[in-house]
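Load the model into your viewer and keep the selection panel handy. We will go from stop to stop, picking residues and saying what is there.

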Number of protein chains: 2
Amino acid sequence: MSYPTNKNLPIGIFDSGMGGLTVLRALQNTLPHENFIYLGDTARLPYGTKSAETVREYALNACDVFMQRGVKAIVVACNTATGPALPALQEKFHPIPVIGVILPGVNAILSGANPQGPYVVLATEGTVKWHAYRDALTVLDPSRKIMEWPCSLLVALAEEGWCEGELVQNILRRLLQPLFDTLQGEQPACLLLGCTHFPVFADAIRQVVPNIPVIDPATMVAQQLKSLLSIHEIESSTNEKGTVEFLATDGIERFARVAPIFLGYDLKPEQVQLVALDFSEQRKKKAS
Amino acid sequence: MSYPTNKNLPIGIFDSGMGGLTVLRALQNTLPHENFIYLGDTARLPYGTKSAETVREYALNACDVFMQRGVKAIVVACNTATGPALPALQEKFHPIPVIGVILPGVNAILSGANPQGPYVVLATEGTVKWHAYRDALTVLDPSRKIMEWPCSLLVALAEEGWCEGELVQNILRRLLQPLFDTLQGEQPACLLLGCTHFPVFADAIRQVVPNIPVIDPATMVAQQLKSLLSIHEIESSTNEKGTVEFLATDGIERFARVAPIFLGYDLKPEQVQLVALDFSEQRKKKAS
C-alpha cells in the first residue's frame, strides 16, 4: 500500500459498537475540518467477552472497509480492540498511521493523575484480562501500583441511556465498592475511563468520588491524531466543516437510536449505512 | 437425515450465551435420566441487538454442532433466536424434533395469568422487535391486550450476578415504571420472563410487583420436551443420572465463571469445551 497523499481522504474510526462515538465527538471538536468514517462492528459486539484471537481477527476483517474506501489515518476507538489488534492493524495498513486509545490513555494518566496512590483503570472484562494498560503503565512508571477494574455492566447501562441521577450513582457505588475495599483506604491517583462507553458517566463518577481525577483518554487521542496529521503533512486543506459517514455491520435502526447518547447529537437511521463484511458474504454463500 | 432411534443420544440445548442454562436447569430437574449437550454461541452473543436474518444464519450455523455429534431432539433455549430461527432449524433438522421457548411461554401464560388485564412479556430488544409472543398470543387469545417490554439491561445485570436486594429492586422499579405509566393503572395479567436470563430475577420482581404472577416458561418447556420424547418413544432407557456436556464458541473461562448464576451449581473451565464454528475456520483460512 502506498502512503496517502490525498489530504482530503477521511480518517477511519473503528469500534466494536457505539462507545467509540465519544472518541469521534472529541475528534470532531478538535479537528472540525476533517472528514471521518465511523465503523461500528455491531454484528459482532461486544468484543469485551471474546478471546484476544477472535478480537484481532474481527478487527482485521472489519477494517477492510477502510482499505476499500481509502483513509489517510485510522483510530481504533475501542480499548478492548486496541490491546489485541493494534499491532496487527498497524502492520496491515502500513504506512497509513493507525493509533489506538491505550497509549493516549496512559499519557492522559501521567499528565492528569494525582502524584500519589495507585492508577485505577475502569474497563470491560476484555481490557482488564489483556492488561494493556498495566503493561504500558508499568514501563513508564514502574513504581506505581496499577489496578484494572472490570465494569462491564456500565456498557449496558450507557446504552440504556442511564447516565446520571441517584440510581446511577448507587449503581456506581456498588460497582466501585469492592475496588475501594481492595484498596483498604488508599486513595486512587485517578480513575481512567478505559472503555469508550464510560465518558457518559464522567459527571456521575465525579459525584460519587469527588476528590479523584476522572480522566477520559479521548482528548489525548484527539491531540495525538492532530500531531500525527501535522507531522505527516496530511491535514485537511479545506476550511469547510468536515463530514462523517456512519457505518455499522448490523442493526442500523438501533445504532441511530442509541448513538446520540454518546455523540451528543441526533442521527436518523438513513444516515447509517449497513456494511456487509466479507465473512458474512462467505457464510451466506455457504448457507445457500 | 434419518430419524434417531438411539434413545440414549443426548438432547441439544442451544442458546446465544448463558441464559439458556436456566432452561437446562429445569430440563435436568424434569428429565434427570436424559443426557444433554448445551451449546452457547458466546463468540457472537448477544443475538438481541442483531437483525433477524443474522440471528437465523448464526443459529443454523451453530446448530451444525448438533448435527455432527448426533442428538435426538433440540431445544432452542433462547427467546431471541426462537422467533427468527425456529422454522429454519425445524426444516434443517427434520425429522429430529426442534422446540423453542416461545410456544411453551405462551402456554404458560394461558395457564398461569390472571383472568383480566394485558399480558406483559419482559424480553430483550430483539424478542420485542420480532413480536414472536404477540403473534402467537394474538392467535390464541385475540381479545386480550399484549405488551412486549424491552429490558435488555437485565441481561448484563444477571451476568454480573446482581439478582436480588434493594439496589436490584430499584433498578427493576425504574425499568418497569414506564410500562406501568403506559398502562395507566391497568394491572397486568402476568409478567412473562421472555428472556432466559430473567428467571434469576423472579423473586426480586415478585417483591416489586407482589400481586402479579411472574411466569418462567422453562417449566413448560420441560413438560413439552417430556411429552415429545414420550410420543416419539425416545425417552432415555437408563436409570442412571444423565450427563451434560457444555460447549461454547468463545470465552470458556468466563462461561465457567458466570454459568453458576443461571445453573445453580459450579462449573470448572475444564468442563467447558471450546468449539470452532465453521465460519471461523473459513475466516482463519482467509486471514492467513
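Which residues line the second largest cavity? This is a predicted model, and here is the selection to make in it: Thr22(B), Val23(B), Asn79(B), Val101(B), Leu193(B), Cys195(B), Thr196(B), Pro199(B), Asp216(B), Pro217(B), Ala218(B) and Val221(B). The space they line comes to about 60 Å³. Colour this lining by class and you will find eight nonpolar residues, three polar and one charged. Now show the cartoon for chain B: helix H1 (21–30) and helix H11 (218–231) each supply at least two residues of this lining.

**On to the largest cavity**

Five cavities of 30 Å³ or more are counted in the model. For the largest, with a volume of about 900 Å³, centre your view on Leu45(A), Pro46(A), Ala156(A), Pro46(B) and Ala156(B), which lie nearest its centre among 49 lining residues. Next, select the elements that give two or more residues to this lining: helix H4 (79–93) and helix H8 (153–159) of chain A, plus helix H4 (79–93), helix H6 (125–130) and helix H8 (153–159) of chain B. By class, the lining of the largest cavity holds 17 nonpolar, 22 polar and 10 charged residues.

**The largest pocket**

Pick Glu125(A), Lys129(A), Pro150(A), Arg254(B) and Arg257(B) next; of the 19 residues lining the largest pocket, these lie nearest its centre. The pocket offers about 380 Å³ of space. Two helices each supply at least two lining residues here, namely H6 (125–130) of chain A and H12 (252–263) of chain B. H12(B) gives the most, with six residues. If you are thinking about electrostatics, note the classes in this lining: eight charged, seven nonpolar and four polar residues.

**Last stop: a sheet in chain A**

Hide the surfaces and show the strands of chain A. Six of them form an open sheet with parallel pairing, in the order E4-E3-E1-E2-E9-E10. At the edges are E4 (98–99) and E10 (272–274), each pairing on one side only. Zoom in on E9 (residues 244–248), which runs parallel to E10(A) and is joined to that strand by three bridges. Select Phe246(A) and you can find its bridge partner in E10(A), Val272(A).

Finally, add two helices of chain A. H1 (residues 21–30) lies across E1 (11–15), E2 (36–40), E3 (73–76) and E9, running at about 170 degrees to E2(A). H12 (residues 252–263) of chain A lies across E2, E9 and E10, at about 140 degrees to E10(A).

Note on methods
Residues are numbered from 1 along each chain as its sequence is written. Chains are lettered from A and ligands numbered from 1 in the order in which they are written. This is a predicted model: local features need pLDDT of at least 70, side-chain atom pairs count only at pLDDT 80 or more; totals for chains, interfaces and linings use all residues. Side-chain values use heavy atoms; hydrogens and water are left out. On a 1 Å grid over the protein atoms alone, a cavity is a set of points where a 1.4 Å probe fits but cannot get out, and a pocket is an open set with protein on both sides within 12 Å along at least five of seven lines; lining residues have an atom within 4 Å of a point. Grid points are joined across faces, edges and corners, and a volume is the space filled by probe spheres set on the points. Helices (H or I, at least four residues) and strands (E, at least two) are DSSP runs, numbered from the N terminus. Ala, Val, Leu, Ile, Met, Phe, Trp, Tyr, Cys and Pro count as nonpolar, Asp, Glu, Lys and Arg as charged, and the others, Gly among them, as polar. Two strands pair if DSSP finds at least two bridges between them. Contact means heavy atoms within 4.5 Å. Axes are lines fitted to C-alpha atoms, for helices over the stretch in contact, and angles run from 0 to 180 degrees between N-to-C directions.
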